[in-house]
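Colleague: Please show me the model, and let us then discuss its arrangement.

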There are 4 protein chains.
Amino acid sequence: MRAAVAGASGYAGGELLRLLLGHPHLEIGALTAGASAGSRLGDHQPHLPQLADRVLTPTTPETLAGHDVVFLALPHGQSHALAEQLGDTLVIDCGADFRLTDPAAWERFYGGAHPGTWPYGLPELPGARATLSGARRIAVPGCYPTAATLALMPAFAAGLAMPDVVVVAASGTSGAGRALKPNLLASEVMGSASAYGVGGVHRHTPEMEQNLSAVAGWPVTVSFTPLLVPMSRGILATCTAPAAPGVTAETLREAYETAVKDEPFLRLLPEGQWPATSMTLGANTAVLQVAFDPAAGRVVAVIAIDNLTKGTAGGAIQSANIALGLPEETGLPHIGVAP
Amino acid sequence: MRAAVAGASGYAGGELLRLLLGHPHLEIGALTAGASAGSRLGDHQPHLPQLADRVLTPTTPETLAGHDVVFLALPHGQSHALAEQLGDTLVIDCGADFRLTDPAAWERFYGGAHPGTWPYGLPELPGARATLSGARRIAVPGCYPTAATLALMPAFAAGLAMPDVVVVAASGTSGAGRALKPNLLASEVMGSASAYGVGGVHRHTPEMEQNLSAVAGWPVTVSFTPLLVPMSRGILATCTAPAAPGVTAETLREAYETAVKDEPFLRLLPEGQWPATSMTLGANTAVLQVAFDPAAGRVVAVIAIDNLTKGTAGGAIQSANIALGLPEETGLPHIGVAP
Amino acid sequence: MRAAVAGASGYAGGELLRLLLGHPHLEIGALTAGASAGSRLGDHQPHLPQLADRVLTPTTPETLAGHDVVFLALPHGQSHALAEQLGDTLVIDCGADFRLTDPAAWERFYGGAHPGTWPYGLPELPGARATLSGARRIAVPGCYPTAATLALMPAFAAGLAMPDVVVVAASGTSGAGRALKPNLLASEVMGSASAYGVGGVHRHTPEMEQNLSAVAGWPVTVSFTPLLVPMSRGILATCTAPAAPGVTAETLREAYETAVKDEPFLRLLPEGQWPATSMTLGANTAVLQVAFDPAAGRVVAVIAIDNLTKGTAGGAIQSANIALGLPEETGLPHIGVAP
Amino acid sequence: MRAAVAGASGYAGGELLRLLLGHPHLEIGALTAGASAGSRLGDHQPHLPQLADRVLTPTTPETLAGHDVVFLALPHGQSHALAEQLGDTLVIDCGADFRLTDPAAWERFYGGAHPGTWPYGLPELPGARATLSGARRIAVPGCYPTAATLALMPAFAAGLAMPDVVVVAASGTSGAGRALKPNLLASEVMGSASAYGVGGVHRHTPEMEQNLSAVAGWPVTVSFTPLLVPMSRGILATCTAPAAPGVTAETLREAYETAVKDEPFLRLLPEGQWPATSMTLGANTAVLQVAFDPAAGRVVAVIAIDNLTKGTAGGAIQSANIALGLPEETGLPHIGVAP
């Protein structure tokens, strides 16, 4: 089967290619780009020697036609028009366009008309695998919502957490893409931690609420604060919710053990060990730990993912595997690169 | 006036010396250490050329006697015995021994008998300056409690926040001191964010609760999660509390503007700009911003401090200035080193 | 075939395990350690979930017996006694004990009696593959000598460079191992570049001279300066030698193109692109570029390797593959993890 | 006296302002910028609270008129026209336009007509202070030439080194300014060391040769390789030259001790300690060490400076002090910020 990658010069595109080069059933087809069309891939992704001499073609329906799966790693808003012309090819959109189910949330956070809703590519959500199996369109979750949802899903699914969720997530800079903005310059980032999008205005907020509300069965609000910290990759999310009455450390741990038991990419650490993003750098795993704070009356779950792998490209391929009928873990690393 | 620094080979000791070298009224006297006694200061603090050839003496009541002020930057538990033999010299303890007022909290978080309570060296707290003026013993706050207290104090003082506080604070590694532990090795820290002391077990939790409860007038619980991120200095704390009924963005901002108005070291950023630790690296300022999240119903305050300056050594000198009757800002930088 | 790893709790040991987990023909057998024996591997290598619950056994001839290959990732000086009791098992020593051929150089740089010389595991050296094929003992090169040798070998082999080599190599901290030394603490390393072992005293100097002299056919001296820079992995070596008379940019490039042509792990960048360690993080490749500086009359070669992969564990497995009659590239990644 | 800063929104401009805020005799006047004119300084230099509300004016002769000293921190090529209209105001140019004495070198490395030569602002060079005293135009040295010249000047001045210099210098990213280029993005820089401008093409090469030739008394060639390493500030330069016949470790050390004896900003470390950029972060000092490598027959000097302080803005103010008849050290810190 052949896979095209649109947006191959960016960070998400590069990670898709890194993983596809190790995928036994997906051959790399078209590599397309916007402004970088015409240049060598090696100018943008020098860590991928096998593809260095491939020349990027423009992102058009024509260049993307004729593949079994098309991965879109494009700026928000470009997927809709492209996907309409890709027929029943499997299209995996790493952008935000088709994640939200609520048009009002879309308008409030993104503006403009709601482009629609595609099957949501977080296989670990209840019922998701059935929906993704055989799907022709998949919306890959945002990196922060992937982290926050996986961190608190076990607690909400087991009825151990209540609304009023607080999520504070520290991210590496690659989550912002290869954007030429002053605040992403190395000189500004190294040696400094900063906050942005504070106060409920980050676009990933409604996506977290959508996921956790679905799991909980009633509306969950999320106070979400993203942080930029001096590392290239990784998200470490601290996710906390009031504990339901009667929760104990034991019931909480049991709920998490049950939740991860059959999940190939969820990993609950032994008690006493806490997640670090280096545990999963370059891997598709989400590393979890949870505590019950009886004094504060809160469940505190901490999760580490690689924002480019499980948080974007790895998650995309995981869902593509399901849609294509391949074993879900195909081509996806469980091992991080450390130290 | 002459100042002694006990624990001069550590990070807090080095920062005390860096600041004291620029202090017009405090001359540097004895420099003492534990295991490093007998070695040159230049082996430990090579950024302080003026003191490079000074030899460290052992930390004893004798070496510390005869100074106008003694700064203790020692491992927890060593201040008590020393201070008892320092008569009515001004003693500023950067350790935890005398911060907590509640013996039960001391026993739960530190163990052993409660050493007592000294005047608490956070001048920005209501009434603190009167207590510190002329004091002979001062307990310097912990770095995280400094951040969390200053971040939420304006909201609680104005009655705009309610209990159930959540604090997630990202810290650079110098906060852990020059301790030879594997998790503090550069190879483990660089490129990685991690959590530790999760679930209400970090020793700074009761100190935050003590401060915020005093400001609020009723008991405030804090769910506190510290993070280690790849930078040497700085704390970026995200501090959130449920908003009191009727809070608006305007009332909240007004409360913060009022709170910082006459404070020399509190700095509220203009609306739309968010704190980064690089704004205050090496400076004694606390950089603040606040938002009201109406959907989540929470106040979200973000604060950046330099953990070694305002969070430890700068805060210590600020309180010493007050106790000694000097202008509070003497010798304390307002300007950070950036980028 | 089964492989044992002695020193499994260290960085080199961890990298051996990361690679062996992806090796189709080598099964992981005994995992041994010194002071860490008895603990879970997951406490030391949390990025390797498959092995997390394996318990480390003591490093003894008994625990290492019965394997097809034993990888030693031990402190210098421990390999000799162990290897003597491992019969004709293939032993791959990542330490320095058996690298040098000259007893006088050994005594000057390491002290004590020369332990001997094993076949040197740098397959790219002329004639090395024939020696390594079927070998029972292999000394893995040091990380810096791997870099410097591969960088200048093409120039010396083609007669385009003359003695008086200068090598300045910037290394990440993992090259120093998981050693609890103050200068390896994150607080000291982040934001700082430093030099060490300056003036011809670093132990890798005679190894570089040995390799380059063998390639050149006459004695080559090396002025070597290692730098510590704020990153976990990677070596970037700038290696320069006087150009032989008549050298041009074209003859130089041709020599390098010829040298890398059939080498699976040497990669010469296109003209105008210069190596960065991020191009090869986690990969077994060495990324090269070369320039002729006519004004200074020098050849300047720059090389990037991952010190733990091509510089240690990957190089070890590459040589093991040759010794065991497996295809040389088996289990060794060509793709880096970036950004 | 009043000082204007042209280019106040950049990194060099910010560092000038940071230092001027602590300068007792220079008051800050006009703050000018190019594309950023009209914006608040606080948007660009948030670490300088005192100036946050100052609005940037356009860089024109009019806005810069009427000051006692004008510091130009502009892109190359803009100083010439401006300076012509600033009469006999003291103009300190942090750019390259007036550094080179040789028009041929200018044309080869910068292109276009040679703008001329101003007194060269490296006070430590023989005879420089006399030239700078009372000067009305000063060209601030490049950051790399500052490092390389100070490192090898003592050896060449004492006749202990011979030509064929090799300089490899690792720099933090702030040396490249606040330029929006992909290779300066945090995601690309963190975790990676890279080389650029290799093979004698970096524009700082002729400046190093000019300085060292002047000191040596005969032509010195320099093979210069700059490296980009993951830190914001700092240059660590390894500078090596063949030793003259008869050199010993003792004669070499004596030459360096003599050279630094009366220099307020040169600091020779005790034997056995090697420079790290963290020793001088934010300070105007250059930290030096030297070794004689008898086997390689080379002198190896290592130097650490802060590229923005001694390497640019601090050096500029040091020269301005001399030109204005102020004590040379006025307003210039000797103490670094560490860790």
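Colleague: By what turn can chain A be laid on chain B, and what relation is that?

Modeller: In this predicted model, local features need pLDDT of at least 70 and side-chain atom pairs 80 or more, while totals for chains, interfaces and linings use all residues. Residues are numbered from 1 along each chain as its sequence is written, chains are lettered from A and ligands numbered from 1 in written order, and side-chain values use heavy atoms, without hydrogens or water. Superposed by least squares on C-alpha atoms of residues with pLDDT of at least 70 in both copies, chain A fits chain B with an RMSD of 0.0 Å after a shift of 0.0 Å along the axis and a turn of 180 degrees. The relation is therefore that of a two-fold axis.

Colleague: Which C-alpha of chain A is nearest the axis?

Modeller: The copies meet through the same surface, because 100% of the interface residues of chain A are also interface residues in chain B (contact: heavy atoms within 4.5 Å). At 2.9 Å from the axis, the nearest C-alpha in chain A is that of A:P230.

Colleague: Which are the edge strands of the sheet in chain B?

Modeller: Six strands (DSSP E runs of at least two residues, paired by at least two bridges) form an open, parallel sheet in the order β3-β2-β1-β4-β5-β6. Those pairing on one side only are β3 (57-58) and β6 (137-139) of chain B.

Colleague: Which residue of β6(B) is the bridge partner of B:V91?

Modeller: Strand β5 (residues 90-93) of chain B pairs with β6(B) in the parallel sense over three bridges. Within β6(B), the partner of B:V91 is B:R137.

How values were computed:
Helix = DSSP H or I, 4+ residues; strand = E, 2+ residues; numbered from the N terminus.
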